[in-house]
Amino acid sequence: MEKITEEVWEKLFARAREAMENAYAPYSRFRVGAALLAKDGRIFAGCNVENASYSLTICAERVAVAMAVAAGCREFIALALVSSADDYIYPCGACRQVLIEFAPAMPVGVTGPQGLKVVTVAELLPAPFDSSVLQPRSGK
Ligand code: THU
């Protein structure tokens with residue numbers, strides 16, 4: 001796991017909190033913000049975007065990943081996650097699967113009553129389903 005300085009975490013959390021302000025969460029009232037640091041230094045932020053159909057809700061982390069990939073970034077250094085709750089929150093299962101696609105070793109920073117905690121995506125999703133088991137396309 002790459003060592004992220006306190007200063008960089010602070011910057012990422014600031015961007016995540018900023019994005020959280022834009023959360024569209026009229027149903028759960030639970031706001032989430034994520035900031036993803038790409039290898040080239042750019043930061044991509046996301047918030048949760050809910051929907052009246054509920055199941056079409058997109059989490060903040062997946063919004064951030066999609067923003068980054070659409071901008072041409074696929075290599076990531078760190079992810080900071082914040083929410084409107086006082087306690088720590090960790091990415092949901094669907095987001096763990098999406099994060100591990102691009103960055104298994106990436107540190108994920110979360111804040112709560114005991115300050116910063118950091119875990120890697122691989123720690124959050126042991127024994128993942130990933131591309132290593134897929135056969136190369138055979139034209140079918
Ligand atoms: N949510 C996220 O944005 N990220 C997570 O990792 C957990 C859940 C959102 C989805 C929904 O809008 C709200 O939080 C409550 O589940």
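Here is a short back-and-forth on the terms used for this predicted model.

Me: What should I know about the model before we start?
Reply: Residues are numbered from 1 along each chain as its sequence is written. It's a predicted model, so local features need pLDDT of at least 70 and side-chain atom pairs pLDDT 80 or more, while totals for chains, interfaces and linings use all residues, and side-chain values use heavy atoms, with hydrogens and water left out.

Me: Why is β3 called a strand?
Reply: Because a strand is a DSSP run of E with at least two residues, numbered from the N terminus; β3 spans residues 76-83.

Me: What makes β3 mostly covered?
Reply: 8 of its 8 residues are buried, and buried means under 20% relative accessible area (1.4 Å probe, protein chains only).

Me: How do you know that β1 and β3 pair?
Reply: Pairing takes at least two DSSP bridges. These strands have 7, in the antiparallel sense, with Ala38 bridged to Phe76, so they pair.

Me: And what about β3 and β4?
Reply: They share 3 bridges, in the parallel sense, and Leu79 stands opposite Val108.

Me: Why is the crossover from β3 through α3 to β4 called right-handed?
Reply: Because, with the strands pointing away from the viewer, the path over the helix runs clockwise.

Me: What makes Glu50 a polar contact of the ligand?
Reply: A polar contact is a pair of N or O atoms within 3.5 Å. A polar side-chain atom of Glu50 lies 2.5 Å from a ligand oxygen, so the pair qualifies. For Asn48, the side-chain value is 2.9 Å.

Note on methods:
Buried means under 20% relative accessible area, exposed over 50%, partly exposed in between (1.4 Å probe, protein chains only). Helices (H or I, at least four residues) and strands (E, at least two) are DSSP runs, numbered from the N terminus. A polar contact is a pair of N or O atoms within 3.5 Å; within protein, one must be able to donate a hydrogen and the other to accept it, and residues adjacent in sequence count only if both atoms are side-chain atoms.
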